[in-house]
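Opening a fresh notebook page for this one. I want to go through the fold piece by piece and jot down what I look up.

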Amino acid sequence: LFAGEVTFVKGVVAMSGLPDADRPEVCFAGRSNVGKSSLINALTGRKALARASNTPGRTQEINYFDLGGQTFLVDLPGYGYANAPLPKVEKWQALLKQYLSGRATLRRAFVLIDARHGIKPVDEEIMALLDSSAVTFQCVLTKADKVKAAERDKMLAQVRTRLATHAAAFPEIVLTSSEKGDGIATLRAIIATLE
Ligand code: GTP
Ligand code: MG
């Protein structure tokens, strides 16, 4: 699947702008700055396909990428704090929630958690929304290169415990580094099975 061509399809600002639901898709959700866009770049092997930056609130639209004409990869705006005007943030957060609870072809939501910070109350809120919408989700710990082994194991244990309380959670946690490449092949393999 990842051997095929990858192209930007469109940026969506309202549910009415979503592309035709004619193929499976997976999305990347998480707090602002957690590394969603960087992960899409690492998965596709394209450095600047999705725009990443150190400013929380970089991605402000639902960005669709086409993978080999078979699957959509969906880069979402972040939730939680963002360095952007409040009305704008509120608008994209509302859209995000509509999307996560109302997209029939969404096969899995990857919920990204910073390996340094663990699961926060805003993450719990999103996971509860996914539970109630019956959207299977899987946690991805990001920025693995920034934590020592002991801290990483502590976070894995925290996430495992929290996931046990969520009905829609897929139990396997993937540890990734978009910088160093950890977990990228694993995640590609998981996405390839979701067609
Ligand atoms: P928003 O679009 O603002 O919600 O952020 P995002 O979740 O898309 O994060 P983005 O990919 O833009 O990355 C945020 C910052 O984290 C950037 O400065 C990235 O370079 C950095 N970053 C992302 N992934 C990693 C990683 O695996 N390791 C390290 N060290 N830095 C990372
Ligand atoms: Mg982004």
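In what sense do strand 2 and strand 4 pair, and over how many bridges? I looked that up before anything else, keeping in mind that this is a predicted model. The two strands run parallel, with 4 bridges between them. One pair I noted is Glu25, whose bridge partner in strand 4 is Phe72.

**Entry: the whole chain**

I went through the secondary structure and got 5 helices and 7 strands. In sequence order the pattern reads β-β-α-β-β-α-β-α-β-α-β-α. The radius of gyration is 15 Å, close to the 16 Å from the globule rule for 195 residues, so the chain is as compact as a globular protein of that length. I also looked up the extent of the C-alpha trace along its principal axes, which is about 45 × 40 × 35 Å. Of the 195 residues, 39% count as buried. Among contacts with a separation of 6 or more, 73% join residues 24 or more positions apart.

**Entry: the sheet**

Which order do the strands take in the sheet? I read it as 1-3-4-2-5-6-7, an open sheet of 7 strands with mixed pairing. Strand 1 (6-12) and strand 7 are at the edges; each has a single partner strand, so one side of each lacks a neighbour in the sheet. Neighbouring strands are turned by 25° against each other on average, direction ignored.

Next I followed strand 3 (residues 62-67). Strand 3 runs antiparallel to strand 1, joined by 6 bridges, and Gly11 stands opposite Asn63. Towards strand 4 (residues 71-75) the pairing is antiparallel again, with 5 bridges; Leu67 has Thr71 as its bridge partner there. Strands 3 and 4 make a hairpin with 3 residues between them, and Gly68 in the turn has a positive phi of about 55°. How much of strand 3 is buried? I get 5 of its 6 residues, so strand 3 is largely enclosed by the rest of the structure.

**Entry: helix 3**

I checked the length of helix 3 (residues 121-133) as a sanity test. At 1.5 Å a residue, its 13 residues should span 18 Å, and the end C-alpha atoms are indeed 18 Å apart. Which residues of helix 3 are buried? My list is Asp123, Ile126, Met127 and Leu130. Down the helix axis they fall within an arc of 100°, so they line one face. The general reason is that an α-helix has 3.6 residues a turn, so residues three or four places apart point the same way. Pro121 and Ser132, on the other side of helix 3, are exposed.

The buried residues of helix 3 pack against strand 2 (25-30), helix 2 (86-101), strand 5 (106-114), strand 6 (137-142) and strand 7 (169-175). Helix 3 lies across strands 2, 5, 6 and 7, and runs at about 165° to strand 5. Just after the helix comes Ala134, with a positive phi near 55°.

**Entry: Asp182**

Last stop: Asp182, in the loop between strand 7 and helix 5 (184-192). I count 18 other C-beta atoms within 10 Å, and Asp182 is partly exposed. Skipping neighbours within four places in sequence, I find Asp182 in contact with Ala144, Leu175, Thr176 and Ser177. I also looked up Lys148, 34 residues away along the chain; its C-alpha atom is 14 Å from that of Asp182.

Notes. Residues are numbered from 1 along each chain as its sequence is written. Chains are lettered from A and ligands numbered from 1 in the order in which they are written. This is a predicted model: local features need pLDDT of at least 70, side-chain atom pairs count only at pLDDT 80 or more; totals for chains, interfaces and linings use all residues. The expected span of a helix is 1.5 Å times one less than its number of residues. A residue is buried if 20 or more other C-beta atoms lie within 10 Å of its own, exposed if 12 or fewer, and partly exposed in between; C-beta atoms are placed from the backbone. The arc is that of the directions from the helix axis to the C-beta atoms. Two residues are in contact if their C-beta atoms, placed from the backbone, lie within 7 Å. Two strands pair if DSSP finds at least two bridges between them. Axes are lines fitted to C-alpha atoms, for helices over the stretch in contact, and angles run from 0 to 180 degrees between N-to-C directions. The radius of gyration is taken over C-alpha atoms; the globule rule is 2.2 Å times the number of residues to the power 0.38.
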